[in-house]
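Q: Could you take me through one part of this model up close, the small sheet and what sits against it? After that, a quick word on any odd backbone spots would be great.

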Amino acid sequence: MNKTEILHYLRTNSKVQDKALLNMIDEAMAEVNECVNPKSIYRIFDCTVDDRALTIENMRFESVRLAENLRGCTKVAVLAATAGTEGDRLLRKYAAESARLVVMQAVLSSKVEEICDAVQHEIESTLGVKTRQRYSPGYFDLDITQQKKLFLLLDITKRCSITLTDSCQMIPTKSVTAFTGIDYGN
């Protein structure tokens with residue numbers, strides 16, 4: 001986990017000298033590393049990208065911004081990552097302690113980003129490619145309901161133990177689904 005990123009999530013200056021806050025972050029990081037069992041999955045798909053959407057296996061994902069992000073890609077990785085139910089348990093544990101809860105939220109967010117970064121690194125090193133910025137349902141103009149298609153493509157519930165609510169929120173809460181374009185020859 002990245003302490004600078006955690007401080008950013010806390011909307012705090014990365015050069016903060018508040019020893020109580022820094023100790024709380026260190027304690028939360030240690031607790032997360034001790035009990036969280038991250039899971040992730042990815043799959044590479046052939047894709048087509050036009051000016052308005054990405055198409056994978058006859059599933060169309062309407063988003064001008066996603067299409068801009070993936071312009072020129074003929075392959076895309078779809079991924080899912082989670083800090084797991086242990087992360088949600090930690091959030092419940094600190095629900096009555098607002099400062100610790102906020103810190104734990106930030107630490108778990110950083111942990112999920114770390115998991116996603118590791119997946120992208122694995123893709124890059126395995127295939128000898130570069131990947132693009134991750135792009136997730138609910139981001140800009142890619143509707144959150146597009147989660148349903150990603151869950152079908154990857155069988156996410158079975159393979160990562162992430163479920164989707166009727167409003168397309170993921171449980172465990174510290175979970176991510178995303179697209180990342182694959183650039184060959186870079």
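A: The sheet is an open one with 3 strands, in the order S2-S3-S4, and the pairing is antiparallel. Here strands are DSSP runs of E with at least two residues, helices are runs of H or I with at least four, and both are numbered from the N terminus; two strands count as paired if DSSP finds at least two bridges between them. Strand S2 (48–49) and strand S4 (59–62) are the edges, each pairing on one side only. Strand S3 (residues 53–56) runs antiparallel to S4 over 4 bridges, and Ala-53 sits opposite Glu-62 in S4. Helix H6 (residues 147–154) packs on the sheet and touches S3 and S4, with its direction at about 145° to that of S4. Contact means heavy atoms within 4.5 Å; axes are lines fitted to C-alpha atoms, for helices over the stretch in contact, and angles run from 0 to 180 degrees between N-to-C directions.

Bear in mind that this is a predicted model, where local features need pLDDT of at least 70, side-chain atom pairs count only at pLDDT 80 or more, and totals for chains, interfaces and linings use all residues. Residues are numbered from 1 along each chain as its sequence is written, and side-chain values use heavy atoms, leaving out hydrogens and water.

Now the odd spots. Most residues other than glycine have a negative phi, and most peptide bonds are trans. Cys-168, though, has a positive phi near 70°, in the loop between strand S7 (163–164) and S8. The Ile-171 to Pro-172 peptide bond is cis, with omega near 5°.
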